[in-house]
Amino acid sequence: MEKTIDTVRSNFNSIRTGRANPAILDKVEVEYYGTPVSLKSIAQISTPDASSLLTQPFDKSSLKAIEKALVTSDLGITPNNDGEVIRMSLPQLTTERRKELSKVVAKQAEEGKVAVRNIRRDALKAYEKLEKDKKLSEDNVKDLSSDLQKLTDEYMKKIDTLFKQKEKELLTV
């Protein structure tokens, strides 16, 4: 369940809000010598100011490949290559785009909740199997099931909290 929270958090970080955040480039894959690699593994990404990102490749020959990957990504950012580094200015988000991103965040939060529920379901099946095999008593299964439900509720609240934070971040100008 903790891994699910981490996944939801990283998905939320890759969604652009109003300010520049290197995490929005985490999902960008670059074709590097015929192999797709993550952008952050072949370049240093920094934020010189609140509305721009600077990508400095470790290997200058990969500059064109990085630029191509950024252009084809669905981030809506236009890279500016000066031969040494790639600069990207983040345009201001429109109200319409903020609402779209809010829906994406809601969908990701729901996927996280579904993942947590699936973990709970699998654990309950395991408890029932142990009970059937006479390795756990019926009372133990009930206790474990109620503890599992409390844990599940706790993780659902964590996902809701993350969602509300991200939504607030998106919708405040």
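**Reading a predicted model: questions and answers**

Q: Why is K113 counted as buried or exposed in this predicted model?
A: K113 has a relative accessibility of 16%, and since a residue is called buried under 20%, K113 counts as buried. This residue is found in helix α4.

Q: What makes the link between the side chains of K113 and D160 a polar contact?
A: The two side chains are 2.7 Å apart in this pairing, and the cut-off for such a pair of N or O atoms is within 3.5 Å, so the pair is called a polar contact. Leaving aside the neighbours within four places in sequence, K113 is in contact with M156, I159 and D160.

Q: How do you know that the length of α4 agrees with what a helix of 38 residues should span?
A: At 1.5 Å a residue, the 38 residues of α4 should span 56 Å, and because the end C-alpha atoms of α4 are 56 Å apart, the two values agree.

Q: Which residues of α4 are buried, and what do they pack against?
A: The buried residues of α4 include R98, L101, S102, V105 and Q108, and K113 is also one of them. The buried residues of α4 pack against α1 and α5.

Q: How do you know that the span of helix α1 agrees with its twelve residues?
A: Helix α1 covers residues 2-13, and its twelve residues should span 16 Å at 1.5 Å a residue; its end C-alpha atoms are 17 Å apart, which agrees.

Q: Which residues of α1 are buried, and what puts them on the same side of the helix?
A: The buried residues of α1 are T4, I5, V8, N11 and F12. They cover an arc of only 125° around the axis, and therefore they lie on the same side of α1. What covers these buried residues includes α4 (95-132) and α5 (138-171).

Q: Why is K166 called buried or exposed?
A: The relative accessible area of K166 is 6%, and because the limit for a buried residue is under 20%, K166 is called buried. This residue lies in helix α5, and although K166 and L101 are 65 residues apart in sequence, their C-alpha atoms are 9.9 Å apart in space.

Q: Why is K134 called buried or exposed, and where is it found?
A: K134 has a relative accessible area of 74%, and since exposed means over 50%, K134 is called exposed. K134 is found in the loop between α4 and α5.

Q: What is notable about the phi of K134?
A: K134 has a positive phi of about 65° although it is not a glycine, and this value comes just after α4. Most residues other than glycine have a negative phi.

Q: Why is Y33 called buried or exposed, and what is its phi?
A: The relative accessible area of Y33 is 66%, and because the limit for an exposed residue is over 50%, Y33 is called exposed. The phi of Y33 is near 50°, a positive value in a residue other than glycine, and the place of Y33 is in the loop between β1 (29-32) and β2 (35-38).

Q: What does the UniProt record annotate at residues 120-154, and how much of that span is helix in the model?
A: The unreviewed UniProt entry gives the annotation "coiled-coil region" for residues 120-154. In the model this span is 86% helix and 0% strand, and its end C-alpha atoms lie 12 Å apart.

Technical notes
Residues numbered from 1 in each chain as written. Predicted model: local features only at pLDDT ≥ 70, side-chain atom pairs only at ≥ 80, totals over all residues. Heavy atoms only, no water. Helix = DSSP H or I, 4+ residues; strand = E, 2+ residues; numbered from the N terminus. Expected span 1.5 Å × (residues − 1). Buried < 20%, exposed > 50% of the residue type's maximum accessible area, 1.4 Å probe, protein only. Arc of directions from axis to C-beta. Contact = heavy atoms within 4.5 Å. UniProt positions renumbered as here; feature names shortened; annotations may be inferred. Polar contact = N/O pair within 3.5 Å; in protein donor to acceptor, adjacent residues only side chain to side chain.
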